[in-house]
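Good morning, and thank you for making time for this item. I would ask you to look at the model first, and I will then go through its features in turn.

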Amino acid sequence: MAEDRMDRFERNLDRYAEESNQRMAHLKQFLANYFRDVARNAADANERMDRTDKEIAQLSHEIRFLLAAIQGHTSQPTPPAHQE
């Protein structure tokens, strides 16, 4: 009877160990997928930031150009667009 209990105890331990190993394998796979996704998202975000920085620089240049054109136009005593 004690041997039956010991066998049952060992079987339960084996089963729990196997279940624990399976959960650990699933957790490792989940974490690997998660970190892969995080890395990919970070790379995508960096690309978008680079593109946005370039677009902002281009727009800043265009705004400076337009501002200079407007200031030049309004500083003339009789701007060409408003000749009398």
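Let me begin with a term: a residue is called buried under 20% relative accessible area, exposed over 50%, and partly exposed in between. Leu 31 has a relative accessible area of 35%, and because this value falls between those two limits, Leu 31 is partly exposed. Please keep in mind throughout that this is a predicted model.

I turn to the overall architecture. The secondary structure of the protein consists of one helix and zero strands. That helix, α1, covers residues 2-75, and Leu 31 is found in it. Of the 84 residues in the protein, 1% are buried. The protein exposes about 7900 Å², and 58% of that area is supplied by carbon and sulfur atoms.

Next, the nonpolar surface. Which residues form a nonpolar patch there? They are Met 24, Leu 27, Phe 30, Leu 31, Tyr 34, Phe 35 and Val 38, and together they have about 680 Å² of accessible area. Leu 31, with which I began, is thus a member of this patch.

Two further members of the patch deserve attention, Tyr 34 and Phe 35. The structure holds one aromatic pair. The ring centres of Tyr 34 and Phe 35 lie 5.3 Å apart and the ring planes meet at 70°, so the pair is edge-to-face. The cut-off behind that assignment is an angle over 60 degrees. As for accessibility, Tyr 34 is partly exposed at 44%, whereas Phe 35 reaches 52% and counts as exposed.

I move on to the charged side chains. How many salt bridges does the structure hold? There are three salt bridges.

One of them joins the side chains of Glu 19 and Arg 15, with an N to O distance of 3.7 Å. The criterion for a salt bridge is a nitrogen to oxygen distance within 4 Å. Glu 19 and Arg 15 are four residues apart in helix α1, and therefore about one helical turn separates them. Both partners are partly exposed: Glu 19 has a relative accessibility of 30%, and Arg 15 has one of 42%.

The remaining bridges involve Asp 37. Asp 37 forms a salt bridge with Arg 36, where the closest N and O atoms are 3.7 Å apart. The side chain of Asp 37 also meets that of Arg 40 in a salt bridge, here at 2.7 Å from N to O. Asp 37 and Arg 40 both lie in helix α1, three residues apart, which is about one turn of the helix. Arg 36, Asp 37 and Arg 40 are accordingly linked in a network of salt bridges.

Are the members of this network buried, partly exposed or exposed? Asp 37 is partly exposed at 28% relative accessibility. Arg 36 is partly exposed at 45%, and Arg 40 is partly exposed with a relative accessible area of 44%.

Finally, I come to the annotation. An unreviewed UniProt entry places the feature "coiled-coil region" at residues 42-69. In the model, the chain over residues 42-69 is 100% helix and 0% strand. The C-alpha atoms at the two ends of that stretch are 40 Å apart.

To close, I return to the architecture: one helix, zero strands, a nonpolar patch that includes Leu 31, and three salt bridges. Thank you for your attention.

Methods: Residues numbered from 1 in each chain as written. Predicted model: local features only at pLDDT ≥ 70, side-chain atom pairs only at ≥ 80, totals over all residues. Heavy atoms only, no water. Patch = residues over 30% accessible without salt bridge, like charges linked within 9 Å, V, L, I, M, F, W, Y side chains within 5 Å. Areas by Shrake-Rupley, 256 points an atom, 1.4 Å probe, with all protein chains shown as cover. Buried < 20%, exposed > 50% of the residue type's maximum accessible area, 1.4 Å probe, protein only. Phe/Tyr/Trp six-rings, centres within 6.5 Å; stacked < 30°, edge-to-face > 60°. UniProt positions renumbered as here; feature names shortened; annotations may be inferred.
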